Amino acid sequence: MAVRTVLQFGPSSATASLTAKVNPLVIFNICDCFVRRPDQAERVIGTLLGSVLPDGTVDIRNSYVVPHNEFSDQVALDIEYHHTMLKSHLKVNPQEAIVGWFSTGLGVTGGSALIHEFYSREVSNPVHLTVDTSFGSGEGTIKAYVSVTLSLGDRPLAAQFQEIPVDLRMIEAERVGFDILKTTAVDKLPSDMEGMELLMERLVSLINDVYKYVDDVVEGRVAPDNCIGILISESVACLPKLSPPVFDKLINDNLQDQLLLVYLSSITRTQLSLAEKLNTAAQLP
């Protein structure tokens, strides 16, 4: 009887339903690390922290960069720095653990397998997150991968990166910041009032979309959807029953509180700048 040698992938049932849930602050931190990278570095890599949820979802909530050097097909990581940063993070958030690593750029590279092998010794089945910080197409390409073993019979040959779904959810404030981040040329960051104006414009746009959908359903132009109807009903039920004068007073009071905070922050910056200049003048001969 002839014996057949089978070329097969490692078990992928665990990765078939695996999803990476990424906190937007992780993306902001990765982009900030990329901007502050050394001049000779083409990309930055680092450690991802978080936890694995009961349903198997990898919840990525934090990250930090790890210094490294790349030349030809070799990668040198500062392992001591990595362990020092890990201990510092665990002191603040002991519930977090290593869940993978990140790198900037599009997709995986030749050195990614070596780095992934190191993190595989730190945690089982780590997630590799890639972030395209160039925003060339106007969208930040964010992908996640896990390693799948390619074996010949019972002998493992190599590892292949398999892409898994990425769940990136943002509240409106985070969405505004992410939209600004995707803009490659920005004259200045929006002020608090400008940010509030953008949020109000988006809120009005969403309300108009809801009005249009309800009108279309009533007029028979669109088939009703029970799920959408329940969501609209729940949203309306959450609104407080306030008279227009009371609502205007509430908005004006909150606006005055915000303007007061901006004023106090401006005074604090002025005092710090003045103290720094006086300190510098006192040190001069």
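**Close-up views of two pockets**

**View 1. Three helices meet the largest pocket.** In this predicted model, the lining of the largest pocket draws at least two residues from each of helix H6 (192-219), helix H7 (226-238) and helix H8 (244-283). Helix H6 is the leading contributor, giving nine residues to this lining.

**View 2. The centre of the largest pocket.** Here we look into a space of about 780 Å³, the volume of the largest pocket. Its lining is made up of 21 residues, and those closest to the centre are Leu203, Ile207, Ser235, Leu239 and Phe247.

**View 3. The character of the largest pocket's lining.** Nonpolar residues account for 18 of the lining residues of the largest pocket, alongside three polar ones. If you are looking for charged residues in this lining, there are none to find.

**View 4. The second largest pocket.** Now for another site: the second largest pocket holds about 400 Å³ of space. It is lined by 17 residues, with Pro38, Ala41, Glu42, Arg43 and His68 closest to the centre.

**View 5. Strands beside the second largest pocket.** Strand S4 (58-66) and strand S5 (68-71) each bring at least two residues to the lining of the second largest pocket. Strand S5 provides the largest share, with four residues.

**View 6. A mixed lining in the second largest pocket.** Eight nonpolar, four polar and five charged residues make up the lining of the second largest pocket. Compare this with the lining of the largest pocket, which has no charged residues.

Conventions
Residues numbered from 1 in each chain as written. Predicted model: local features only at pLDDT ≥ 70, side-chain atom pairs only at ≥ 80, totals over all residues. Heavy atoms only, no water. 1 Å grid on protein atoms, 1.4 Å probe; cavity = no way out; pocket = protein on both sides within 12 Å on 5 of 7 lines; lining within 4 Å. Points joined across faces, edges and corners; volume = space filled by probe spheres on them. Nonpolar A, V, L, I, M, F, W, Y, C, P; charged D, E, K, R; others polar.
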